[in-house]
Each structure stands twice: as structure tokens, then as C-alpha cells.
Amino acid sequence: MEAGGITPAGSSRALRLDPFTLPVRFPAKDAGADGQIRQIELDRDRVVLRRAVRGIRMAVGVPVAAFRGVVLRLLPDDGEQPAAIAVVLDHCDAGLSVPLFTACDGDEIVAVWKSWGRVLGLPLLLAERDGSLHEPFPRLGGVSIAEPAPRRRRRSSLKRRRPSILLRRKPGRPIADAAVHRDEREIIARN
């Protein structure tokens with residue numbers, strides 16, 4: 001997991017980035033880089049990964065649309081640190097995946113995960129233990145779909161259009177023995 005840049009730089013630091021303060025620049029752990037650290041620049045449109053390998057400095061720019069989604073992943077307990085939950089901007093190439101948030105407790109992780117998905121415009125994904133990804137909520141294109149909520153008249157825009165007394169009125173009953181006049185030229189009521 002460390003080769004993909006999932007765990008943050010530092011021995012016991014938790015990575016906490018705010019999705020609403022983009023652009024942001026931060027270091028992350030990279031096992032293949034000199035010094036085992038790479039610099040990441042994250043913006044709403046693109047991600048730039050900067051690292052040096054054997055003294056050769058390189059920068060890789062990747063558009064945010066090239067990432068698969070924002071993944072919620074359980075990180076294993078490695079002896080040094082307890083098991084943690086991470087929010088990761090996931091790419092098909094594990095070396096380009098970007099850690100966004102890690103926490104040991106799951107109190108705020110779902111809110112942060114949804115915020116990152118909304119800000120970056122990417123689907124929310126869950127990582128299984130075998131490494132496969134799946135969407136927790138059904139979607140149709142870029143729009144998540146669900147059962148429609150029933151309309152509530154009290155808080156909707158229809159409340160101000162019609163008086164509520166009309167909701168309590170019963171419809172009128174048709175008169176069974178009402179006279180129907182057909183094929184007459186004119187009906188005039190005179191006093």
C-alpha cells in the first residue's frame with residue numbers, strides 16, 4: 001500500500017486535507033522516490049506529482065477526469081500504526097493514486113469522502129479486501145439515482161399557490177335526477 005502513496009509522510013501523522021481549500025500542495029510517502037517522499041499538487045482540474053528517482057527529478061501531470069474515483073479504503077494494521085481508514089483519489093496505476101484523508105476512527109470519514117467526491121466531480125467507490133472497487137450508491141451517468149421522496153406540501157413551493165382549505169373539501173356529488181335537455185334550441189330562465 002505504501003508504494004501507491006496511500007500512507008502520509010511522517011511516522012504517525014494523519015493526513016487531513018480540506019476539499020474546500022483547493023489548490024493544495026502536500027508531501028506523501030512514495031517508496032520508489034529518493035527520500036521516500038513525493039510532492040503532490042492537487043487542484044479541481046488536475047494533479048501534479050513531483051518526485052526524484054536516482055537524482056532525476058520528474059513531474060507527472062494527470063487530469064482529475066483520468067482518475068477512477070474517490071475510494072474509501074481500509075488500511076491494514078502494520079505493527080507501527082493501528083488500522084486506519086483512508087480516502088484516496090484512485091488511479092488505475094497505483095503509483096498515481098493520491099491520499100486525501102486518513103483517520104483511525106470512522107467518525108467523520110464518510111462526510112469527508114462525500115465532500116471529496118462532490119468537489120472533484122468523481123464517483124464514490126468502496127474498496128473490498130480483495131482490491132476490487134464498487135459503487136455503494138446506484139448512478140445513472142454522473143447523477144446518483146434513488147427512490148424519489150414523497151412530496152411534502154408543507155415545505156414545498158406548492159404551499160403558497162393554493163389555500164389548504166381546498167385539500168379538505170369534498171368533491172360535489174352528481175345529482176341523480178337532474179333533467180338533461182337535448183336537441184332544444186335555447187333554454188332561457190325567466191322570472
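This is a short dialogue on how to read the sheets, the core and the charged pairs of a predicted model.

Me: I am new to this structure, so where should I begin with the strands, and in what order do the four strands of the open antiparallel sheet stand?

Reply: Begin with the general idea that strands of a sheet pair through backbone hydrogen bonds, either parallel or antiparallel. In this predicted model, one open sheet has four strands in the order β1-β2-β3-β4, and its pairing is antiparallel. β1 and β4 stand at the edges with a single partner strand each, so one side of each has no neighbour in the sheet. Direction ignored, neighbouring strands of this sheet are turned by 20° against each other on average.

Me: How many bridges join β3 to β4, and which residue of β4 stands opposite V47?

Reply: Eight bridges join β3 to β4, the strand of residues 56-63, and the two run antiparallel. V47 stands opposite V62 in β4, while V48 stands opposite G61. The hairpin of β3 and β4 has two residues between the strands, and in this hairpin R54 takes a positive phi near 55°.

Me: What is the order of the strands in the open sheet of five?

Reply: That sheet has the order β7-β6-β5-β8-β9, and here the pairing is mixed. At its edges stand β7 and β9 (133-134), each with a single partner strand, so one side of each is left without a neighbour in the sheet. The helix α1 packs on this sheet and touches β5, β6, β7 and β8 (124-127), with its direction making about 155° with that of β5.

Me: How do β6 and β7 run, parallel or antiparallel, and what is the bridge partner of V87 in β7?

Reply: β6 and β7 run antiparallel and are joined by five bridges, and the partner of V87 in β7 is F101.

Me: Let me turn to the interior, then: which residues touch the most other members of the largest nonpolar core?

Reply: The largest nonpolar core has 29 residues, and those that touch the most other members are L42, V47, V70, V87, L89, V98 and W116. At least two residues of this core come from each of β1 (24-29), β2 (37-42), β3 (46-53), β5 (69-75), β6 (84-90), β7 (98-103) and α1 (109-120). With six residues, α1 gives the most to this core.

Me: Which residues is V87 in contact with, leaving aside its neighbours within four places in sequence?

Reply: With those neighbours left aside, the contacts of V87 are V70, V71, L72, V98, P99, L100, F101, I109, W113 and W116. F101 is thus both a contact of V87 and its bridge partner in β7.

Me: Where is H91 placed, and is H91 buried or exposed?

Reply: H91 lies in the loop between β6 and β7. A residue is called buried when its relative accessible area is under 20%, and H91, at 13% relative accessibility, counts as buried. A polar atom of the H91 side chain lies 3.0 Å from the backbone nitrogen of D93. Not counting residues up to four places away in sequence, H91 touches V62, A66, F67, R68, L96 and S97.

Me: How many salt bridges does a search of the whole structure find, and why does the pair of D30 and R51 tie together separate parts?

Reply: The search finds five salt bridges. In one of them the side chains of D30 and R51 meet, at 2.7 Å from N to O. D30 is in the loop between β1 and β2 and R51 is in strand β3, so this pair ties together parts that are 21 residues apart in sequence. D30 counts as buried, at 3% relative accessibility, whereas R51 is partly exposed, with a relative accessible area of 29%.

Me: Which residue forms a salt bridge with R68, and which forms one with R73?

Reply: In both cases the residue is D90. The side chains of R68 and D90 meet at 2.6 Å, N to O, and this pair links R68 in the loop between β4 and β5 with D90 in strand β6, 22 residues apart. For R73 and D90 the closest N and O atoms are 3.7 Å apart. R73 lies in strand β5 and D90 in strand β6, so that pair ties together parts 17 residues apart in sequence. R73 is buried, with a relative accessible area of 13%, and salt bridges that share partners join R25, E41 and R50 into one network.

Terms used:
Residues are numbered from 1 along each chain as its sequence is written. This is a predicted model: local features need pLDDT of at least 70, side-chain atom pairs count only at pLDDT 80 or more; totals for chains, interfaces and linings use all residues. Side-chain values use heavy atoms; hydrogens and water are left out. A nonpolar core is a set of buried Ala, Val, Leu, Ile, Met, Phe, Trp, Tyr and Cys residues joined through side-chain atoms within 4.5 Å. Buried means under 20% relative accessible area, exposed over 50%, partly exposed in between (1.4 Å probe, protein chains only). Contact means heavy atoms within 4.5 Å. Two strands pair if DSSP finds at least two bridges between them. Axes are lines fitted to C-alpha atoms, for helices over the stretch in contact, and angles run from 0 to 180 degrees between N-to-C directions. A polar contact is a pair of N or O atoms within 3.5 Å; within protein, one must be able to donate a hydrogen and the other to accept it, and residues adjacent in sequence count only if both atoms are side-chain atoms. A salt bridge is a side-chain nitrogen of Lys or Arg within 4 Å of a carboxyl oxygen of Asp or Glu.
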